Amino acid sequence: MAAGLAVALALLFRGMKLGISGALLVAGGRMMIQLTLVGYVLRFLFQEGRPWLVALMALVMLTVASREILARQKRRLSGWRSWRLGASTLFVSSFAISVYGLMVVVRPDPWYAPQYVIPILGMIISNTMNAISLGMDRLTDAIYSNRNVIEQRLALGQSSQEAIGGYARDCIRSGMTPVINSMATAGIVSLPGMMTGQILAGASPSEAVEYQIVIWFMIAGGCGFGMSVAIRLLKGQLFDERQRLRLERLR
């Protein structure tokens, strides 16, 4: 009955000739299959609780998220540069923030308990992935669109940092805006997903609130640090040691 809403929406979009009806239905089908399969995987992980299985699941999540960062780029680095940049940034930011949150803040026993690691890591990776993807896409597009201005600034003696510093700051600001807006309106405009899930499962609202506060700060840290590192690494790829703009590295 819930899926009927998506079917009705697809029919509406088809009548409006938007060209996204098929994509909506395919996405809905993928979502159902993926969530059903991951339910069985998580049940197995929760029962076993072995560290190497948790690490394997985390590696799969990281690999898929890195691939999604690459797929969403309008102009991305050629070869494996873009994938390596996204994967390394996700690993450093998401994993570091998750380990800090698990070992210092939440402190489950053991700290690698899959019922804590997988949901927390998933929320941080997904939000950081979106922030990094948005930031990288906007920066490469801004540099490509303003390449003549940047070349003139370089010719006048500015460094690469000075030539594109304004564009990089705008990209980070744009990437962090959704996170800041969500944090600012949490509890008033919306009840975040983790908090809602815990309340529906019968947990105390005050306990659910505490977990959600922790998660939001971890998400903000992952997005902010991850995007800042990604933007810096991306700038290093688009300029050589002589401060020349190398747009041929984009495709």
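Axes here are lines fitted to C-alpha atoms, taken for helices over the stretch in contact, and angles run from 0 to 180 degrees between N-to-C directions. With that in hand, the predicted model can be walked through from its N terminus, beginning with a pair of helices. Helix 1 (residues 3-15) and helix 2 (residues 21-48) pack with their axes 8 Å apart, at an angle of about 165 degrees. Angles over 145 degrees count as roughly antiparallel, and helix 1 is therefore roughly antiparallel to helix 2. The crossing of the two is right-handed. On the helix 1 side, the contact is made by Ala6, Val7, Leu9, Ala10, Phe13 and Arg14, which meet Ser21, Leu24 and Leu25 of helix 2. By class, this contact comprises seven nonpolar residues, one polar and one charged.

The loop between helix 1 and helix 2 holds Lys17, a residue that deserves a look at its backbone. Although Lys17 is not a glycine, its phi is positive, at about 55 degrees. Lys17 counts as exposed because its relative accessibility is 77%, where the cut-off for exposed is over 50%.

Helix 3 (residues 51-71) offers a simple check on helix geometry. At 1.5 Å a residue, its 21 residues should span 30 Å, and the C-alpha atoms at its ends are indeed 30 Å apart, so expectation and model agree. Buried positions in helix 3 are Leu53, Val54, Met57, Ala58, Met61, Leu62, Ala65, Ser66, Ile69 and Leu70. An α-helix has 3.6 residues a turn, so residues three or four places apart point the same way. That background is handy when reading the list of buried positions in helix 3, which includes Leu53, Met57 and Met61.

Further along, the loop between helix 4 (81-106) and helix 5 contains Pro110. The peptide bond joining Asp109 and Pro110 is cis, with omega at about -5 degrees. Arg107 lies in the loop between helix 4 and helix 5, and its phi is positive, about 55 degrees, although Arg107 is not a glycine. With a relative accessible area of 60%, Arg107 is exposed.

A second helix pair is formed by helix 5 (residues 114-145) and helix 7 (residues 160-185), whose axes come within 9 Å and cross at roughly 150 degrees. This angle makes helix 5 roughly antiparallel to helix 7. The crossing of helix 5 and helix 7 is right-handed. Helix 5 contributes Ala131, Leu134, Gly135, Arg138, Leu139, Ala142 and Ile143, and these meet Ile164, Tyr167, Ala168, Cys171, Ser174 and Gly175 of helix 7. Sorted by class, the contact of helix 5 with helix 7 has nine nonpolar residues, three polar and one charged.

Helix 7 also contains Ser160. Ser160 is buried because its relative accessible area is 15%, below the 20% under which a residue counts as buried. Once neighbours within four places in sequence are set aside, Ser160 is in contact with Leu154, Phe239 and Gln243.

Finally, Phe225 is found in helix 9 (residues 205-238). Its relative accessible area is 57%, and Phe225 is therefore exposed. Phe225 and Thr128 are 97 residues apart in sequence, while their C-alpha atoms are 9.0 Å apart in space.

Definitions and conventions
Residues are numbered from 1 along each chain as its sequence is written. This is a predicted model: local features need pLDDT of at least 70, side-chain atom pairs count only at pLDDT 80 or more; totals for chains, interfaces and linings use all residues. Side-chain values use heavy atoms; hydrogens and water are left out. Helices (H or I, at least four residues) and strands (E, at least two) are DSSP runs, numbered from the N terminus. Angles under 35 degrees count as roughly parallel, over 145 as roughly antiparallel, 65 to 115 as roughly perpendicular and the rest as oblique. A crossing is left-handed if the near helix is turned anticlockwise from the far one by less than a right angle, and right-handed if clockwise. Contact means heavy atoms within 4.5 Å. Ala, Val, Leu, Ile, Met, Phe, Trp, Tyr, Cys and Pro count as nonpolar, Asp, Glu, Lys and Arg as charged, and the others, Gly among them, as polar. Buried means under 20% relative accessible area, exposed over 50%, partly exposed in between (1.4 Å probe, protein chains only). The expected span of a helix is 1.5 Å times one less than its number of residues.
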